[in-house]
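User: I would like a close look at one part of this model, then a walk outward from there. Please keep it brisk.

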Amino acid sequence: MAGSGKLFKHYVIYRLVACVGFCVMRLPERVALSLGERVGIAAYHLVKRRRKITVSNLRLIFGGEKSQRELKRIAMDSYCNLGKSFVELLRFPLLDRESIWQLVTVQGKENLDRALKKSGNAIVFIPHFGNHELMAPVFSVLFPKSAAIAFPLKNPYLNKMTNEYRSMFGLELIRKHQAARRVLKVLRAGYAVGFVADQDAGREGVFVEFFDRETSCARGPVMMALKTGAPILFAIDIRQPDDRHLIIISAPMKMKITGNSDKDVAHNTAKLMAELESYIRKYPGQWMWQHNRWKTRPDAEWQKKRSQRASKDKPSNNSPST
């Protein structure tokens, strides 16, 4: 009974969201975005747990350099951006391959074009910044052989709807549980694969400096690049003052490869996070501060066990040469 009750609750929430989507698709864009901004402000006041996480994160990172008034402004800007992004996602069915360019400008497309031409594949690191969901239709139109790892939403109905919107122009969505095998396959087939990988990665993550704090980060993007030789590019969406979007695709990151896997993953992941940090400092209200980003603290004993486990998984190099 408990399971069916939870499923019913998910369905009710989905129907409410679908109803909001029906409405915002029929409103003028400016009115719809204004409504989204109000939804964000309401969420700031009503969802106490996320507000506490947001405020805690901002105090942790900027408490020594910004006033309480400035921190609250950043928090409100972040929530307003989320509200607008939510409305923009619900309006995805209005987009087509031509009209999307009324909303988005892309800078650096040539960087990914060259990387794909030179290497035959690419990995794209994407943070939760601006409206990162716009990367799905934009990359699908510009780069037909595109894929991204899809982390499932807890609500199965919303998950299905969101994935349909993300893949509307042909983006291949790779399920989290099959990610490693499928990513290897599509990279071999010449794809650009997106990793939205800037959130807390738990004890299995690699700990690197991010805002001067040891922070758990996803190993996946850099590990996959080291394993396959695929170049890594950093891509970010920045909301403009008029609510258009600028997507910037950087040149491929210069990887440091020493042969020590753990050190190489840490060093190159730190470079990605440093680039993200520079954008957050410039546009602090556009990052998703609502996530408990610094939840996982370094655990030396766990990291030692993880390294030992990884060493056992490596093939032996002690076999006699022929």
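Is valine 20 buried or partly exposed, and why does it count that way?

Analyst: The model is predicted. Valine 20 counts as partly exposed because its relative accessibility is 32%. A residue needs over 30% relative accessible area to enter a patch. Valine 20 does belong to one.

**The patch around valine 20**

Valine 20 sits in helix H1, which spans residues 2-24. Its patch is nonpolar and lies on the surface. The other members are Leu27, Val31, Leu35, Val39 and Phe86. Together the six residues have about 400 Å² of accessible area. Helix H2, residues 29-46, supplies the largest share of the patch, three residues.

**From H2 to a pocket**

H2 also figures in the second largest pocket. There H2 gives the most to the lining, again three residues. The pocket holds about 280 Å³ of space. Its lining counts 14 residues. Glu29, Arg91, Leu95, Ser99 and Leu103 lie nearest the centre. By class, the lining has seven charged residues, five nonpolar and two polar.

**Salt bridges**

The model has 11 salt bridges. One of them pairs arginine 281 with glutamate 65, with the closest N and O atoms 3.7 Å apart. Arginine 281 is in helix H10, and glutamate 65 is in the loop between helix H3 (48-62) and helix H4 (68-90), so the pair ties together parts 216 residues apart in sequence. Arginine 281 counts as partly exposed because its relative accessibility is 37%.

Glutamate 88 and arginine 239 form another salt bridge, at 2.9 Å from N to O. Glutamate 88 belongs to helix H4 and arginine 239 to strand S8 (residues 232-239), so this pair links parts 151 residues apart in sequence. Both glutamate 88 and arginine 239 are buried.

A further pair stays within one helix. Glutamate 164 and lysine 160 bridge with their closest N and O atoms 2.7 Å apart. Both lie in helix H7 (residues 156-166), four residues apart, or about one turn of the helix. Glutamate 164 is partly exposed because its relative accessibility is 42%. Lysine 160 is exposed, with a relative accessible area of 54%.

Some bridges share partners. Arg30, Lys84, Glu88, Arg239 and Asp243 are joined that way into one network.

**Enclosed space**

Rolling a probe the size of a water molecule over the atoms shows where empty space is left. Over the whole structure, the search finds two cavities of 30 Å³ or more.

The largest cavity has a volume of about 40 Å³. Asn57, His128, Asp198, Gln199, Trp287, Met288, Trp289, His291 and Arg293 form its lining. That lining is mixed: four polar, three nonpolar and two charged residues.

The second largest cavity holds about 40 Å³ of space. Phe125, Ala197, Cys217, Ala218, Pro221, Val222, Thr269, Leu272 and Met273 line it. Helix H9 (220-228) and H10 are the elements that give two or more residues to this lining. H10 has the largest share, with three. Eight residues of the lining are nonpolar, one is polar and none is charged.

**More on H10**

Helix H10 covers residues 261-282, and histidine 267 is in it. Histidine 267 is partly exposed, since its relative accessible area is 34%. Glutamate 209 is 58 residues away along the chain, yet the two C-alpha atoms are 9.8 Å apart.

Alanine 270 lies in H10 as well. Its relative accessible area is 25%, so alanine 270 is partly exposed. From alanine 270 to arginine 281, the step is 11 residues in sequence and 16 Å in space, C-alpha to C-alpha. Arginine 281 is the residue that bridges to glutamate 65.

**A buried contrast**

Leucine 134 is a useful counterpoint to valine 20. Leucine 134 sits in the loop between strand S2 (122-126) and helix H6 (135-142). Leucine 134 counts as buried because its relative accessibility is 0%. Its C-alpha atom is 36 Å from that of aspartate 299, which is 165 residues away along the chain.

**Back to the start**

Valine 20, at 32% relative accessibility, is partly exposed. It reaches the surface as a member of the nonpolar patch, to which H2 contributes three residues.

Definitions and conventions. Residues are numbered from 1 along each chain as its sequence is written. This is a predicted model: local features need pLDDT of at least 70, side-chain atom pairs count only at pLDDT 80 or more; totals for chains, interfaces and linings use all residues. Side-chain values use heavy atoms; hydrogens and water are left out. Patches are made of residues with over 30% relative accessible area and no salt bridge: like charges are joined within 9 Å, nonpolar side chains (Val, Leu, Ile, Met, Phe, Trp, Tyr) within 5 Å. Accessible areas come from the Shrake-Rupley method with a 1.4 Å probe; for residues, only the protein chains shown count as cover. A salt bridge is a side-chain nitrogen of Lys or Arg within 4 Å of a carboxyl oxygen of Asp or Glu. Buried means under 20% relative accessible area, exposed over 50%, partly exposed in between (1.4 Å probe, protein chains only). On a 1 Å grid over the protein atoms alone, a cavity is a set of points where a 1.4 Å probe fits but cannot get out, and a pocket is an open set with protein on both sides within 12 Å along at least five of seven lines; lining residues have an atom within 4 Å of a point. Grid points are joined across faces, edges and corners, and a volume is the space filled by probe spheres set on the points. Ala, Val, Leu, Ile, Met, Phe, Trp, Tyr, Cys and Pro count as nonpolar, Asp, Glu, Lys and Arg as charged, and the others, Gly among them, as polar.
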